[in-house]
Amino acid sequence: MWSYIWPIGLVILSNTVYQICAKKAPEGMNPFAMLTIVYLVSAAFSFVLFFVLNKGGNLIAEYSKINWVPFVFGLVLVGLETGFVYAYKAGWQVLRPGFHCHRFRKQSP
């Protein structure tokens with residue numbers, strides 16, 4: 001049961017912190033400059049986690065299994081993150097749970 005629950009808990013926690021960080025991006029900093037730092041930190045953290053969670057793992061062997069997905073995923077992530085940063089700079093509020101359900105739910109007659 002734990003293996004079913006912890007990933008969702010991680011998503012909720014990470015998404016909450018993500019939205020707060022996107023909202024609090026430095027005012028005068030170019031979002032793409034900020035994203036270079038974000039991705040360097042992410043790459044370093046992923047590198048460390050790979051070896052911590054895969055004792056004796058071979059990163060080069062894993063890279064040999066690559067397909068198109070990581071490249072497109074990287075492009076999509078830049079789009080998502082840039083969109084959120086610019087939306088918050090334009091004055092949007094941090095997303096709240098249920099935002100989509102309440103905003104787009106059909107109104108009762």
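Is L49 buried, partly exposed or exposed? L49 is partly exposed, and its relative accessible area is 33%. The residue sits in helix α2. The model discussed here is predicted.

**Overall content**

The protein contains five helices and zero strands. Read from the N terminus, the order of elements is α-α-α-α-α. Of the 109 residues in the protein, 11% are buried. The accessible surface amounts to about 9200 Å², and carbon and sulfur atoms hold 73% of that area. Among contacts with a separation of 6 or more, 71% are between residues 24 or more positions apart.

**Helices α2 and α4**

Two of the helices are set out below, with their lengths and spans.

| Helix | Residues in helix | Span, first to last C-alpha | Expected span at 1.5 Å a residue |
|---|---|---|---|
| α2 | 23 residues | 32 Å | 33 Å |
| α4 | 21 residues | 30 Å | 30 Å |

The span of α2 is close to the expected value, and the span of α4 is likewise close to its expected value. Helix α4 covers residues 69–89.

The buried residues of α4 are E81, T82, V85 and Y88. Viewed down the axis of α4, these buried residues fall within an arc of 135 degrees, so they line one face of the helix. As background, an α-helix has 3.6 residues a turn, so residues three or four places apart point the same way. The partners against which the buried residues of α4 pack are α1 (2–23) and α2 (31–53).

T82 offers a single-residue view of this packing. It is found in helix α4. T82 counts as buried because its relative accessibility, 12%, lies under the 20% cut-off. Leaving aside residues up to four places away in sequence, T82 touches F32 and L35. L35 is itself one of the buried residues of α2, a set that also includes P31, M34 and F50. The buried residues of α2 pack against α3 (59–63) as well as α4.

Just after α4, G91 has a positive phi of about 110 degrees.

**Surface features**

Which residues make the nonpolar surface patch of about 670 Å²? The patch is made by F45, F47, V48, L49, F51, V52 and L53. L49, the residue of the opening question, is thus listed in the patch and belongs to α2. Its relative accessible area of 33% places L49 in the partly exposed class.

How many salt bridges are counted? The count comes to one salt bridge. It joins the side chains of E62 and K65, with an N to O distance of 3.2 Å. The partners are E62, which is partly exposed at a relative accessible area of 38%, and K65, which is exposed at 59%.

**A pair distant in sequence**

K24 lies in the loop between α1 and α2. With a relative accessibility of 64%, K24 counts as exposed. K24 and K89 are separated by 65 residues in sequence, while their C-alpha atoms are 9.0 Å apart in space.

Terms used. Residues numbered from 1 in each chain as written. Predicted model: local features only at pLDDT ≥ 70, side-chain atom pairs only at ≥ 80, totals over all residues. Heavy atoms only, no water. Salt bridge = Lys/Arg side-chain N within 4 Å of Asp/Glu carboxyl O. Buried < 20%, exposed > 50% of the residue type's maximum accessible area, 1.4 Å probe, protein only. Helix = DSSP H or I, 4+ residues; strand = E, 2+ residues; numbered from the N terminus. Expected span 1.5 Å × (residues − 1). Arc of directions from axis to C-beta. Contact = heavy atoms within 4.5 Å. Patch = residues over 30% accessible without salt bridge, like charges linked within 9 Å, V, L, I, M, F, W, Y side chains within 5 Å. Areas by Shrake-Rupley, 256 points an atom, 1.4 Å probe, with all protein chains shown as cover.
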